[in-house]
Amino acid sequence: MAARDRGASVVLIDRGLEEAGDPVAGRLARASLLASAARAHAVRNAHSVGIDRAEPKPNFRIISELAAAQAAAVSPRASPERLAALGITHIEGEPIFSARNALSIGEVRVQARHYVLATGARAVVPDIVGLDQIPYFTPDSILTNIRKLTHLVVIGGDATALELAQAYRRLGSAVTLVPHGPLLAGFDRELVNILVGALRDEGVAILEDADVATILPRNQGTGIALRHADGSAENLDVSHVLVALGRQPDLDAPWLTQLNLRRDSVRPERLRLNEYGQTTNARISAIGGAAGEDRPQAAARQADIVLDRILLGRADRFDAASVPSVVATEPTFAQVGQLEPSRHLRAGQTILRSGLAENDGARARGEASGMAKLIVGRQGEIRGGTAIGPAAGEVAAMVALAMASKTPAADLAGLALPPASPAAVLADLGRQARALRPLSLWTKRRMDLRRLLP
């Protein structure tokens with residue numbers, strides 16, 4: 001649709017199957033599940049704002065049906081009829097590249113100036129002994145679950161793993177999270193620790209030093225053999241297993257080698273791409289899951305960069321760090337740009353912090369435990385930001401906008417935000433940045449002159 005908006009002639013090849021990790025339907029279905037879990041948590045904790053306590057009774061069949069309905073609601077956006085009305089040629093079938101610049105779908109032959117791979121990404125399934133002998137969930141398949149999960153073990157430590165672990169705990173399941181590596185790798189460690197503490201307070205058991213060594217199928221339930229970092233072993237009895245170890249590009253089509261598409265030398269499950277999204281075949285680019293990027297907002301940015309390059313000749317680079325990353329837990333966790341270094345800052349950089357304890361709206365809702373941080377450069381420019389708490393996603397988006405527009409950190413002090421808005425934390429950070437910036441000699445002289453005038 002974006003290419004058509006730019007005036008290009010567009011052919012969409014629909015392989016006739018549900019692409020792995022569908023970013024629209026899957027995202028909406030998961031958001032619906034998280035919303036149901038949030039309502040259950042609100043009912044359970046209503047006493048904190050003066051409402052009698054009650055224990056929610058989740059109906060998993062209805063929760064699943066609501067999630068499916070949310071996903072189905074967006075299907076008309078990309079229906080063949082709408083695509084045709086927009087002037088997009090829609091062809092269904094398995095594509096076969098007959099040459100480096102032409103492909104065939106049955107009897108139809110398509111020859112284009114450029115091709116974009118948007119084949120999605122499938123859930124990573126680890127090589128754990130016994131896993132193939134049980135009916136485990138992935139982040140995609142668990143959305144169709146219609147039964148209460150007595151004890152769910154979540155294998156993984158990315159954003160999706162934490163979101164689903166918290167959701168099922170709030171819906172009444174016992175939940176054990178086994179990260180298989182660092183929790184939220186690539187995220188600000190200080191704020192990760194705050195989020196981990198919040199999840200543990202809700203009853204999620206997080207075993208940061210353990211891996212799942214073996215799955216032990218049983219007639220009733222499932223056995224999990226854990227191996228701890230110190231070499232000790234532990235066994236768990238669980239009812240269900242969710243594997244949430246991230247995604248890898250769906251690049252198994254046999255014609256990939258024919259197109260001379262080379263793999264990344266460091267991560268061979270991915271294609272080798274340059275910073276403009278181009279593969280080793282100059283006519284072919286990749287976006288989204290096919291490019292190793294699971295965040296929908298980042299995939300949209302990749303698409304814009306690819307289209308601007310092939311249609312307008314622009315050479316914008318894709319910077320993954322400039323796109324906000326969000327963990328849709330409660331508290332919400334978001335970040336963008338440079339992270340706080342683990343040892344020391346770069347020369348001239350400063351970290352500014354502001355807590356939500358002083359925010360009127362957050363205090364009124366009993367959500368005043370979050371915070372926000374900015375990393376500010378030598379010239380007062382914003383290098384990155386993180387936030388945890390209500391409106392963290394909006395805070396990160398505003399920081400990203402400020403970075404893109406090269407707005408100095410001190411200028412955030414002038415944001416006209418209601419004091420009850422959690423995003424008002426940015427204005428406080430701006431005031432801190434302004435206080436650190438010394439007045440110029442000219443400004444001081446001007447102020448002195450004003451004092452002398454009647």
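Is Asp-308 buried or exposed in this structure? I shall begin with that residue, and I should say at once that we are looking at a predicted model.

At 8% relative accessibility, Asp-308 counts as buried. The cut-off for that word is under 20% relative accessible area, so a value of 8% places Asp-308 in the buried class. Asp-308 belongs to helix H7. If we set aside its neighbours within four places in sequence, the residues in contact with Asp-308 are Arg-6, Gly-313, Arg-314 and Asp-316.

One of those contacts deserves a closer look. Arg-314 and Asp-308 form a salt bridge, and their closest N and O atoms are 3.6 Å apart. The two partners sit in different accessibility classes: Arg-314 is partly exposed, at 47% relative accessibility, whereas Asp-308 is buried. The pair also belongs to a wider arrangement, a network of salt bridges that links Arg-6, Asp-304, Asp-308 and Arg-314.

As general background, side chains of opposite charge can pair when their charged atoms come close. How many salt bridges does the structure hold? The count is 18, and I shall describe two further examples.

The first joins Glu-275 to Arg-317, with a distance of 2.8 Å from N to O. This pair links distant parts of the chain, with the two residues 42 residues apart. Glu-275 lies in the loop between strand S15 (247–249) and strand S16 (284–286). Arg-317, for its part, lies in the loop between helix H7 (296–312) and strand S17 (325–327). Glu-275 is partly exposed, with a relative accessible area of 39%, and Arg-317 is likewise partly exposed, at 49%.

The second example is the salt bridge between Arg-200 and Glu-208, where the closest N and O atoms are 3.4 Å apart. Here Arg-200 has a relative accessible area of 38% and is partly exposed. Glu-208 is partly exposed as well, with a value of 44%.

Let me turn to a sheet. Three strands make up an open sheet in the order S11-S12-S13, and their pairing is antiparallel. Which strands lie at the edges? They are strand S11 (210–217) and strand S13 (233–238), each of which pairs on one side only. On average, and ignoring direction, neighbouring strands of this sheet are turned by 25° against each other. Between S11 and strand S12 (residues 222–228), which run antiparallel, there are seven bridges. To locate one pairing on the screen, please find Ala-210, whose bridge partner in S12 is His-228.

My last topic is a pair of helices. Two packed helices are described by the angle between their axes and the distance between the axes. For helix H2 (residues 25–44) and helix H3 (residues 60–73), the angle is about 145° and the axes are 8 Å apart. The crossing of H2 and H3 is right-handed.

Which residues make the contact? From H2 come Ala-25, Leu-28, Ala-29, Ser-32, Leu-33 and Ser-36. H3 supplies Ile-63, Leu-66, Ala-67, Gln-70 and Ala-71. Sorted by class, the contact of H2 with H3 has eight nonpolar residues, three polar residues and no charged residues.

To close, I return to the opening residue: Asp-308, in helix H7, is buried and forms a salt bridge with Arg-314.

Terms used. Residues numbered from 1 in each chain as written. Predicted model: local features only at pLDDT ≥ 70, side-chain atom pairs only at ≥ 80, totals over all residues. Heavy atoms only, no water. Salt bridge = Lys/Arg side-chain N within 4 Å of Asp/Glu carboxyl O. Buried < 20%, exposed > 50% of the residue type's maximum accessible area, 1.4 Å probe, protein only. Helix = DSSP H or I, 4+ residues; strand = E, 2+ residues; numbered from the N terminus. Pairing = 2+ DSSP bridges. Axes fitted to C-alpha atoms, helices over the stretch in contact; angles between N-to-C directions. Left-handed = near helix turned anticlockwise from the far one by under 90°. Contact = heavy atoms within 4.5 Å. Nonpolar A, V, L, I, M, F, W, Y, C, P; charged D, E, K, R; others polar.
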